[in-house]
Amino acid sequence: MQTRKKYLFLTFLASWLLLFFFGREQLRRFTFFPRRNVAVRRSWPRWADRTLLHSFAEPWELQGSTDTAQPSPRARRVAQLSTSQGSRCRMESCFDASRCQNGFKVFTYPREHGEPMSESYSKILSSIERSRYYTPRPEEACLFVLSIDTLDRDPLSAHYVRGVEQRIRSFPLWNSGRNHLIFNLYAGTWPNYTEELGFDIGHAMLAKASFHSKNFRPGFDVSIPLFPREHPQRGGQRGWLHHNSVPPKKKYLLVFKGKRYLTGIGSGTRNALHHIHNGQDIVSLTTCRHGKDWERHKDTRCDQDNVDYEKFDYQELLHNSTFCIVPRGRRLGSFRFLEALQAACIPVLLSDGWELPFSEAIDWGKAAVVGSERLLLQIPSAVRCIRPERVLAFQQQTQFLWDAYFSSVDKIVHTTLEIIRDRLLPHRSRSHFLWNTLPGGLLALPDFSTHLGDFPFYYLQHGSGPSDKFTALLRAAPPLGSLSQPTLRLIQAVSRSQYCAQILVLWSCEKPPPPSGTWPQTAVPLTIIQGRTKLSDRFFPYAAIGTDAVLSLDEHSSLSTSEVDFAFVVWRSFPERIVGFSAWSHFWDPEQKRWGYTSRWTNKLSIVLTTAAFYHRYYHSLFTEYLPTGLQELVDSLAACEDILMNLLVAAVTKLPPIKVTQWKQHKEAASQPVKGTAAGSSRRFSQQQDCLNQLVDWFGSMPLVSSQLRLDPVLFKDQVSVLRKKYRYLEKP
């Protein structure tokens, strides 16, 4: 009996041991075993529309076993912050905001003679120094940028600058790096490529490419894209997908063509890419032929891979693919990321832990598929399940992001600075919507407003429209200090408009304005604003402008009340554009290799003169606060240059042409006839305007003007019907 009990006890014990060793995962489900928090499990891929995952796979297939589940980069970052609050910089602890009370100004250290500097870093400094942020006086500065090239911190690189730590500590303004911004594209070296810079940055902020989330200090550092040396200083090439166009069906679904690392960091992902290649709609090509000793490390696939690699052209693949794989290289970032954005090839990112560029502002879930290196084989299924309308939305968003933030060094630098500026004034910072919707955060100034309904671009999304009144702004600069009869008739005609709220007269004459008794009697308030003699003053954001619409007038303009009424009605349908009467068109002169314009009647137009035009009052703020001081000085020095600059600015923001409305024919002909005795002056003025156009195009980096063949007339305009049936009957007055 005792022996039987002994065997039963041993059998029971053995059963429990077997259950413990081979079934412990099932035992975790019981209440006496602590459950693992399922919130830290990360599903992949992360899309804005999570319902797409239902057609891809079940959640348990994506999560894997509980032993290998890893917290997301954001969860790891939060955990690091909670355990090292004293050693992690934040704006509150490592940045002196009191230096920014007089505005957000940036000071760049003077460049030392003979200082080695890469072309890319020279472009970064130039972007700051020619911008509205720059100040040459350090006492005015909120932010400081070193003149020492810190972009390449790989000791094996020819651009590596030595002795940085000793030099920066000798700078009187260094202050342990407080209020300093350090730019970096390459950090670390072979074999591990860590993110060490080789010097102590102290309390300085980092604007860095290939940022790992574990080293990124949220709300303090800025992740920037890796861009090549030949990246344009300003302007940049436009995206390959035209605005508001539907792209054709692409030949390939998913492509990759690039280097394959045989050993070292970054080799794992690229070595596995051949598994998804099917030679039909998925093309994944790699080559081992790079580096000095590739033949010593080559494997059995190298020779065939090198042959297949030469069969396809990289640019042709970009043009003809819907998705582009963007794997990590030696570092997390890659030039391929910007190349895919420009080509409207949706990036499929395989770089675990990469803090995406400008992730603080940009919602990458609308423009890229963020994948996992561990789930490479599931990528084809993942991208196939995305609906065609979502694919189109992704492609359009890539073009918007490319043009708004990445197409030039200027935009990359300015986006970095604006993100920092938003942190300093959180109550006036841009919303997530402004950063991720046309025209973008750089062109939506928070100093103007943080309310969407105040901008001319968001009426449709906001479900509203512009105000139903306008403010007339008349610039008067009579040489004798007295008003002419045509000017008085213009004021009376505008004041009779049913949509006019007030008339502002910008008196830009050295002599005082006439007494109030000499001004005409009007049904709306008439206010005199004492201005300066500068031409750019007409676009200053005067506080007296209380309506969305501004009717910009010149003392030589001649308009009827019907013309004003009809033009305003048209503008309310196109509040983001300039709507006016007199129009010019630009052209490229191949012989002189420069831009020109003509005021002759042609079948197209691209400039509407602001001497008689409607536009949104926001463009006054954009003209004054967005454009650098140098451009405004250029406008003041050249005749009629302010007209051209305003048109270029609006076209650069909207990517749309202005709108011309009808006017009296004889008025147009009279305006286009030369005045006797002014041939020499007209020729000089015309030459200045041509010079102005080319200098402004050089600043923008490209020609932003858009041509149009549209003119809007009232219904029944010049139709053979009774004039009593026409709403704007006086437009046809002989």
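1. Partly exposed residues are those with a relative accessible area between the limits for buried, under 20%, and exposed, over 50%. The structure under review is a predicted model. By that criterion D713, at 30% relative accessibility, counts as partly exposed. Its salt-bridge partner is R711, with the closest N and O atoms 2.9 Å apart. R711 is likewise partly exposed, its relative accessible area being 44%.

2. Salt bridges that share partners also join residues into a network, whose members are R132, E418, R421, D422, R428, R430 and D447. Across the structure there are 31 salt bridges.

3. A further salt bridge links D410 and R130, where the closest N and O atoms are 2.7 Å apart. D410 belongs to helix α15 (residues 409-424), whereas R130 is in the loop between α6 (119-129) and β2 (143-145), so this pair ties together parts that are 280 residues apart in sequence. The two partners may be set side by side in terms of burial. D410 counts as buried because its relative accessibility is 7%, while R130, at 21%, counts as partly exposed.

4. R137 and E140 form another salt bridge, with a distance of 2.8 Å between the closest N and O atoms. R137 is partly exposed at a relative accessible area of 41%, and E140 is partly exposed at 33%.

5. Turning to the rings, a search of the whole structure yields 35 aromatic pairs. One of them, F107 with Y109, is tilted, with 6.0 Å from centre to centre and 55° between the planes. F107 is buried, at a relative accessible area of 6%, and Y109 also counts as buried, at 7% relative accessibility.

6. The pair F568 and W571 is stacked: the centres are 6.1 Å apart and the planes enclose an angle of 20°. Why are F568 and W571 separated by about one helical turn? They are 3 residues apart in helix α19 (residues 561-573), which means a separation of about one helical turn. Both F568 and W571 are buried.

7. One aromatic cluster is formed by F337, W354, F358, W364, F400, Y405, F406 and W435.

8. Two lysine side chains should be noted for their placement relative to aromatic rings. The charged end of K208 sits over the ring of F211, at 5.2 Å from the ring centre. In the case of K257, the charged end sits over the ring of Y309, 4.5 Å from its centre.

9. An open sheet of 5 strands has parallel pairing and the order β1-β2-β4-β6-β7. Its edges are β1 (106-108) and β7 (222-223); each has a single partner strand, so one side of each is left without a neighbour in the sheet. Strand β6 (residues 205-208) runs parallel to β7 and is joined to it by 2 bridges. A207 stands opposite V222 of β7.

10. On the surface, Y7, F9, L10 and L13 make a nonpolar patch of about 450 Å². Of these residues, L10 lies in helix α1 (residues 2-22). L10 is partly exposed, with a relative accessible area of 42%. That value satisfies the patch criterion, because a patch is made of residues with over 30% relative accessible area and no salt bridge.

Conventions: Residues numbered from 1 in each chain as written. Predicted model: local features only at pLDDT ≥ 70, side-chain atom pairs only at ≥ 80, totals over all residues. Heavy atoms only, no water. Phe/Tyr/Trp six-rings, centres within 6.5 Å; stacked < 30°, edge-to-face > 60°. Buried < 20%, exposed > 50% of the residue type's maximum accessible area, 1.4 Å probe, protein only. Helix = DSSP H or I, 4+ residues; strand = E, 2+ residues; numbered from the N terminus. Lys NZ or Arg CZ within 6 Å of the ring centre and 35° of its normal. Patch = residues over 30% accessible without salt bridge, like charges linked within 9 Å, V, L, I, M, F, W, Y side chains within 5 Å. Areas by Shrake-Rupley, 256 points an atom, 1.4 Å probe, with all protein chains shown as cover. Salt bridge = Lys/Arg side-chain N within 4 Å of Asp/Glu carboxyl O. Pairing = 2+ DSSP bridges.
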